[in-house]
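The exercises below ask the reader to work from the sequence and the coordinates together, each time moving from a single residue or element to its surroundings. Each task is followed by a solution in steps.

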Amino acid sequence: MSLRTDYCGELSSADVGRTVTVAGWVDTRRVHSEHLAFIDVRDHTGVVQVVVDQKVDARSEYVLAVTGTVRARPDGMVNDALASGEIEIADTTVEILNEAEPPPFPMHDRTDVDENIRLRHRYVDLRRDKMQRNLRARAKVNSAIRGAMEKQGFVEIETPMLIASTPEGARDFVVPSRIHPGDFYALPQSPQLFKQLSMVGGMDKYYQIARCLRDEDLRADRQFEFMQLDAEASFVDQEDVFAFISEAVADATEAVSGERPAEIPRMTWQEAQERYGSDKPDVRFGMELNDITDLFGETESKVFQTPVVKGICMPGGADELGRNAIDDLTDKAKRWGAKGLAWFRVRDEGLEGALTKFMSEAEIAGVQERLGASSGDMVFLIADSRRVANKVLGLLRLELGRPPVNEGGFNFLWITDFPLFEEVIDGNPIPAHHPFTMPHPDDVEMLNTAQGDEWLDIRSQAYDLVLNGWELGSGSIRIHRSDVQARIFEILGIGPEEQQAKFGFLLDAFKYGAPPHGGFAFGIDRLTALLVGEENIREVIAFPKTQSGSDPMTNAPSPIDPAQLDELGLRVLPRQD
């Protein structure tokens with residue numbers, strides 16, 4: 001027989017007169033008189049007030065089953081903050097199913113609790129309303145994604161968790177093999193190669209809600225282990241990928257928020273850098289970067305005799321930012337790579353700042369006009385290379401104007417036409433993505449002609465999806481032509497032996513007829529966090545690690561028993577820093 005007939009938060013005035021049984025935890029207990037007490041019983045749907053004999057010894061977080069009759073609350077006692085606030089359960093029989101020690105922290109979301117304490121007692125923390133909402137929202141995201149992919153004809157395929165070390169092996173978690181002493185598996189950073197092999201195998205449309213692991217420094221939007229929607233399809237172009245991923249994202253957003261996002265706009269990588277100084281721009285606010293280099297074409301100021309001068313305008317910043325704040329911003333600009341930071345307050349009579357004495361009247365007037373600055377605003381300029389100016393102003397823009405994560409709605413954005421190479425060192429181009437990314441069709445011939453910095457002008461068919469300034473994920477159209485793949489390897493200095501050692505099984509598979517294919521992967525942790533308004537993905541993961549990579553609840557990572565090490569043929573040596 002069930003221990004309950006109804007959930008606490010689902011009872012309402014429509015249930016008045018019914019005999020019900022609810023079960024859950026004691027949220028609060030209030031003694032009213034010598035013979036009367038009120039207990040709020042909580043389950044995952046909410047709380048309901050029950051009327052009990054004062055002698056019932058039910059303390060905070062005790063587990064109860066309560067049977068009684070639903071009745072309307074007396075006049076003046078309705079609690080509008082509760083879904084069940086119009087009723088209470090009276091004439092009750094209380095069964096204590098389990099006693100509990102006092103919880104290690106208050107259970108109400110309005111109370112700030114040290115994260116280490118929360119994670120040490122995560123099983124208690126999960127009872128809090130916020131965690132209940134977040135994890136159930138995450139379940140909705142997973143369900144919506146699966147539904148979206150399957151209705152578009154994708155097949156769910158599980159790829160292995162024990163694999164050979166990847167080309168990014170420095171970030172692999174490794175697992176020693178017991179039956180092959182001295183050899184190791186790696187845990188997958190992504191299913192990239194296996195999903196491409198699925199395309200060679202004719203699966204046509206693959207997807208997986210994949211667990212991936214990467215040994216890198218943790219932060220608010222990064223964990224050692226993370227979940228992503230991983231997808232790949234054959235005989236597709238970039239437009240097809242945008243369509244099926246947009247459908248999954250829209251379904252997930254609607255499932256959590258009730259609102260379906262409009263068609264996702266697009267922006268090239270080059271435009272994003274020039275306007276926002278970032279490849280993951282937060283477009284919820286203005287303060288866009290403006291190129292004013294031409295204003296200083298004949299300047300006598302040595303500060304502005306640089307390849308590029310760009311600026312941003314902070315509305316209302318003249319009175320908001322004091323000198324200490326400006327000095328702090330200047331220090332940050334230098335740490336980000338700039339030689340300095342030029343700043344001006346805008347007053348009725350024009351720009352006010354130490355550098356105005358080195359500027360002509362035309363330059364002063366031009367800066368204010370081009371940046372659209374009005375009295376009371378603040379203007380910041382960076383004079384440097386284009387790359388430095390974009391980077392530093394982009395970071396400064398976020399520092400000054402970025403709204404909280406839950407403000408401004410859900411602003412999705414596709415970033416397209418990423419560079420194929422991110423930098424050139426000693427004449428050798430460094431890839432921006434994995435070496436299987438297809439070049440832009442208009443730039444393929446440049447693979448045979450580029451020299452020096454010309455390598456950086458070659459675009460790829462790689463693309464990112466951004467939400468409110470967070471990178472959700474990335475993907476690309478893959479190389480399936482052997483001549484293009486051979487040329488990319490040659491450019492990167494990867495010889496035949498290294499190719500075979502790192503990618504042999506994939507290259508061998510391509511010999512048997514690889515279709516044109518492309519795909520994408522986006523982080524479910526990050527998407528869910530943004531949809532529920534959380535800054536930190538740990539708030540949407542049931543059992544996350546701390547920022548130091550530890551688990552206070554299980555004490556992981558922990559030493560291994562010496563007998564296990566012996567069986568694996570391993571020994572622990574002092575770390576050599």
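**Exercise 1: a loop residue and its surroundings**

Asp 279, at 25% relative accessibility, counts as partly exposed, the class that lies between buried (under 20% relative accessible area) and exposed (over 50%), computed with a 1.4 Å probe on protein chains only. The model is a predicted one, in which local features need pLDDT of at least 70 and side-chain atom pairs count only at pLDDT 80 or more, while totals for chains, interfaces and linings use all residues. Residues are numbered from 1 along each chain as its sequence is written, and side-chain values use heavy atoms, with hydrogens and water left out.

Task: state where Asp 279 is found, and which residues it is in contact with once its neighbours within four places in sequence are left aside.

Solution. Step one places Asp 279 in the loop between α6 and β12, where helices (H or I, at least four residues) and strands (E, at least two) are DSSP runs numbered from the N terminus. Step two applies the contact criterion, heavy atoms within 4.5 Å, and, with neighbours within four places in sequence set aside, gives Trp 269, Gln 273, Ile 415, Phe 418 and Val 466. Step three adds a pair that is distant in sequence: Asp 279 and Gly 469 are 190 residues apart along the chain, yet 9.0 Å apart in space, C-alpha to C-alpha.

**Exercise 2: two helices that cross**

Task: determine at what angle the axes of α6 and α10 cross, and which residues meet there.

Solution. Axes are lines fitted to C-alpha atoms, for helices over the stretch in contact, and angles run from 0 to 180 degrees between N-to-C directions. On that basis, the axes of helix α6 (residues 269-276) and helix α10 (residues 386-401) come within 8 Å and cross at roughly 65 degrees. From α6, Gln 273, Glu 274 and Tyr 276 take part, and they meet Arg 386, Asn 390, Gly 394 and Arg 397 of α10. The residues of this contact divide into one nonpolar, three polar and three charged, when Ala, Val, Leu, Ile, Met, Phe, Trp, Tyr, Cys and Pro count as nonpolar, Asp, Glu, Lys and Arg as charged, and the others, Gly among them, as polar.

**Exercise 3: from one lysine to a five-stranded sheet**

Task: starting from Lys 310, find the strand in which it lies and its bridge partner in β12, then give the order of the strands in the sheet.

Solution. Lys 310 lies in strand β13 (residues 308-314) and, at 1% relative accessibility, counts as buried. Its side chain is joined to that of Asn 390 by a polar contact of 2.7 Å; such a contact is a pair of N or O atoms within 3.5 Å, where within protein one must be able to donate a hydrogen and the other to accept it, and residues adjacent in sequence count only if both atoms are side-chain atoms.

Next come the pairings, for which DSSP must find at least two bridges between two strands. Asp 291 has Lys 310 as its bridge partner in β13, and two bridges join β12 to β13 in the antiparallel sense. Seven bridges join β13 to β16, also running antiparallel, with Val 308 partnered by Asp 384. Strand β14 (residues 342-347) pairs with β16 antiparallel over four bridges, and Trp 343 has Phe 380 as its partner.

The result is an open sheet of five strands in the order β12-β13-β16-β14-β15, with antiparallel pairing. Because β12 (290-291) and β15 (350-352) stand at the edges, each with a single partner strand, one side of each is left without a neighbour in the sheet.

**Exercise 4: burial of a strand, exposure on a helix**

Task: is strand β16 largely enclosed or open, and is Asn 324 buried or exposed?

Solution. All seven of the seven residues of β16 (residues 378-384) are buried, so this strand is largely enclosed by the rest of the structure. In a regular strand the side chains alternate between the two faces of the sheet. Accordingly listed by side, Met 378, Phe 380, Ile 382 and Asp 384 are buried on one, and Val 379, Leu 381 and Ala 383 on the other. Helix α8 (residues 323-335) lies across β14 and β16, running at about 145 degrees to β14. Asn 324 is found in α8 and, at 66% relative accessibility, counts as exposed.
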